[in-house]
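Hi,

Here is the structure I said I'd pass along. Have a look at it first, and then read on for what I found.

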Amino acid sequence: MAEPWEVVARLRPKFAERAADTDRTGDFPVADFADLRDAGLFGLFAPKRLGGLGLGYVDYARVAFEMARGNGATALVFNMHASITGALAGIPSDASLAPANPVHPVLLLDEARRLASQALT
């Protein structure tokens with residue numbers, strides 16, 4: 001498999017082609033996110049044990065740079081997604097930590113697993 005930033009570099013012309021329209025209408029860049037999902041990039045930060053790529057911030061920065069070169073709005077929204085999945089990636093698997101936390105870690109890990117699986121719902 002190609003590196004994630006190489007995948008985004010190949011998608012970049014499609015993002016750029018659609019950018020003016022999404023900027024003009026203010027619509028969510030649905031087609032860009034379909035491309036990102038199909039490329040398997042939703043799980044960029046999610047740990048491999050949860051079905052993600054398990055990458056870190058340096059790799060994310062490369063991906064974000066390529067994405068922004070195509071469509072800044074897509075890069076901004078993807079950053080929001082990556083921020084959440086990056087935070088979820090740091091949650092330990094040990095659910096015994098749950099009693100002190102009002103948000104049960106198992107639920108958060110389930111959410112990270114769902115995000116890594118490319119689900120849009």
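Below are my notes, going from the overall fold to one helix.

Keep in mind that this is a predicted model. The protein has five helices and zero strands, so to speak an all-in-a-row α-α-α-α-α when you read from the N terminus. Of its 121 residues, 38% are buried. If you take the contacts between residues at least 6 apart in sequence, 60% of them link residues at least 24 apart. As for the surface, about 6700 Å² is exposed, and 60% of that comes from carbon and sulfur atoms.

The part I spent time on is helix H2, which covers residues 30–38. Which of its residues are buried? They are Asp-32, Phe-33, Asp-35 and Leu-36. These four sit on the same side of H2, because the arc they cover around the axis is only 155°. That fits the usual helix geometry: an α-helix has 3.6 residues a turn, so residues three or four places apart point the same way.

What do the buried residues of H2 pack against? Their partners are three other helices: H1 (4–25), H3 (57–70) and H4 (72–89). On the face of H2 turned away from the buried side, you'll find Val-30 and Asp-38, and these are exposed.

One last detail for when you scroll past the end of the helix: Gly-40, just after H2, has a positive phi of about 80°.

Cheers

How values were computed
Residues numbered from 1 in each chain as written. Predicted model: local features only at pLDDT ≥ 70, side-chain atom pairs only at ≥ 80, totals over all residues. Heavy atoms only, no water. Helix = DSSP H or I, 4+ residues; strand = E, 2+ residues; numbered from the N terminus. Buried < 20%, exposed > 50% of the residue type's maximum accessible area, 1.4 Å probe, protein only. Contact = heavy atoms within 4.5 Å. Areas by Shrake-Rupley, 256 points an atom, 1.4 Å probe, with all protein chains shown as cover. Arc of directions from axis to C-beta.
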